[in-house]
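Visitor: Please take a close look with me at a single part of this model, namely the empty space that a search of it may turn up, and go slowly, since I am new to this.

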Amino acid sequence: MSFDEMDVDTIWMDGEFVDWDEAQIHVLTHGLHYGSGVFEGVRCYDTENGPAIFRWEEHLERLYNSCKPYDLEIDHDPEELTEATKRLIREQDLASCYIRPIAFYGYESLGVSPGDCPTRTAIAAWPWGAYLGDEALENGVEVMVSSWRKHASSQIPTNAKTTGLYVNSMLAGEEARRNGFAEAIVLNKEGNVAEGPGENLFMVKDGELFTPGLAESILDGITRDSVITLAEELGYEVHDQATISRGELNTADELFFTGSAAEVTPIRQVDNVEIGDGGRGPVTEEIQSRFFDVVNRRTDDHEEWFDYVEQ
């Protein structure tokens, strides 16, 4: 669904609520030319107690931490961003939605150095269903290992969610889609598994879970952290600093993606190799079911993960 088809009309920008179509920047904005910005993607779920933002505090913390390597200074404190986000959701009457906070160097000069360019900050929220499709959540997706590699943390910080770095993700994802796959898996410079273009990856082998560690050039995913917690509560042993070779993907019992957008999405095929029985495996299904029970508040567990819009 395009934005023009959505019933959304307001964006918060630099401390003010503006009309959706008026939330504009200059064509010579530094962030547009050099990718000098940071962002977050956050889910808000429709619950019996009203809209609830999932792990908002953790996302805000990562947003501010992502600014540090780039000397970006957001001119608004977390409390202001929180209230702006809740108001956006309330005033647009959104029950469940995707939230995009972004901060970037704005318009002043156009050298590679941002110099005196101001930091611009904006927040948008809109309805967004399953990232890879509703069918993918049940039946899984077919993916390919991309020819594009994930950059190393010695080149660009991998623990910062930086706008410009998602060119790497776009290249990998579009390569996969041109070849008839739903998504990609990206290897790091050593040739080991890093992540998806916008997802972390989990492997199930002999009843245990393995997910690449931070040293493998991954983003420290908040949904990844949530799934680790939930899986351990279900009794699974989770190896969260694993190194996974490309070949291990082919012999995995199960594979699945996690992410704010992707949530918990099974992987049924890598390249031309069927994973497990070629569908959503039992471990993935149990963890996925547990995840959706929590985020939709069908259980009282992990109340600390939610920030209710009406509060």
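Guide: On a 1 Å grid over the protein atoms alone, a cavity is a set of points where a 1.4 Å probe fits but cannot get out, a pocket is an open set with protein on both sides within 12 Å along at least five of seven lines, and a lining residue has an atom within 4 Å of a point. What we are viewing is a predicted model, in which local features need pLDDT of at least 70 and side-chain atom pairs count only at pLDDT 80 or more, while totals for chains, interfaces and linings use all residues. Residues are numbered from 1 along each chain as its sequence is written, and side-chain values use heavy atoms, with hydrogens and water left out.

Let us begin with the closed spaces. A search of the whole structure turns up 2 cavities of 30 Å³ or more, where a volume is the space filled by probe spheres set on the points, and points are joined across faces, edges and corners. The largest cavity holds about 50 Å³, and its walls are made by Arg-43, Tyr-45, Phe-54, His-59, Thr-223, Gly-259, Ser-260, Glu-263 and Phe-291. Sorted by class, this lining has 3 nonpolar, 4 polar and 2 charged residues; here Ala, Val, Leu, Ile, Met, Phe, Trp, Tyr, Cys and Pro count as nonpolar, Asp, Glu, Lys and Arg as charged, and the others, Gly among them, as polar.

The second largest cavity has a volume of about 40 Å³. Around that space stand Lys-150, Asn-168, Ser-169, Val-186, Glu-195, Gly-196 and Pro-197, and by class they come to 2 nonpolar, 3 polar and 2 charged residues.

From here we can pass to the open spaces by way of Pro-197, which lines the second largest cavity and is also one of the residues that lie nearest the centre of the largest pocket. That pocket contains about 890 Å³ of space. Of its 49 lining residues, the nearest to the centre are Phe-39, Arg-100, Lys-161, Tyr-166 and Pro-197. Two or more lining residues come from each of helix 1 (30-34), strand 3 (37-39), helix 2 (56-67), strand 6 (97-105), helix 5 (166-178), helix 6 (222-233) and strand 14 (254-259), where helices (H or I, at least four residues) and strands (E, at least two) are DSSP runs numbered from the N terminus. Helix 5 gives the largest share, 7 residues. By class, the lining of the largest pocket has 18 nonpolar, 22 polar and 9 charged residues.

The second largest pocket has a volume of about 550 Å³. It is lined by 20 residues, and those closest to its centre are Phe-3, Trp-20, Arg-100, Ala-124 and Trp-126. Strand 1 (10-13), strand 6 and strand 7 (119-126) are the elements that give two or more residues to this lining, with the largest share, 4 residues, coming from strand 7. Its residues divide into 16 nonpolar, 2 polar and 2 charged. Notice that Arg-100 is named among the residues nearest the centre of each of these two pockets.

Trp-126 deserves a longer look. Leaving out residues up to four places away in sequence, Trp-126 is in contact (heavy atoms within 4.5 Å) with Phe-3, Met-6, Val-8, Trp-20, Leu-94, Cys-97, Tyr-98 and Arg-100, and of these, Phe-3, Trp-20 and Arg-100 are also among the residues closest to the centre of the second largest pocket.

Pro-127 lies in the loop between strand 7 and helix 4 (134-139). Buried or exposed, or in between, at 32% relative accessibility? Pro-127 counts as partly exposed, because its 32% falls between buried, under 20% relative accessible area, and exposed, over 50% (1.4 Å probe, protein chains only). Beyond its neighbours within four places in sequence, Pro-127 touches Met-6, Val-8, Leu-94, Ser-96 and Cys-97.

Another loop offers something to set beside it. Gly-111 sits in the loop between strand 6 and strand 7, and at 35% relative accessibility it too counts as partly exposed. When residues up to four places away in sequence are left aside, Gly-111 is in contact with His-30 and Tyr-34.
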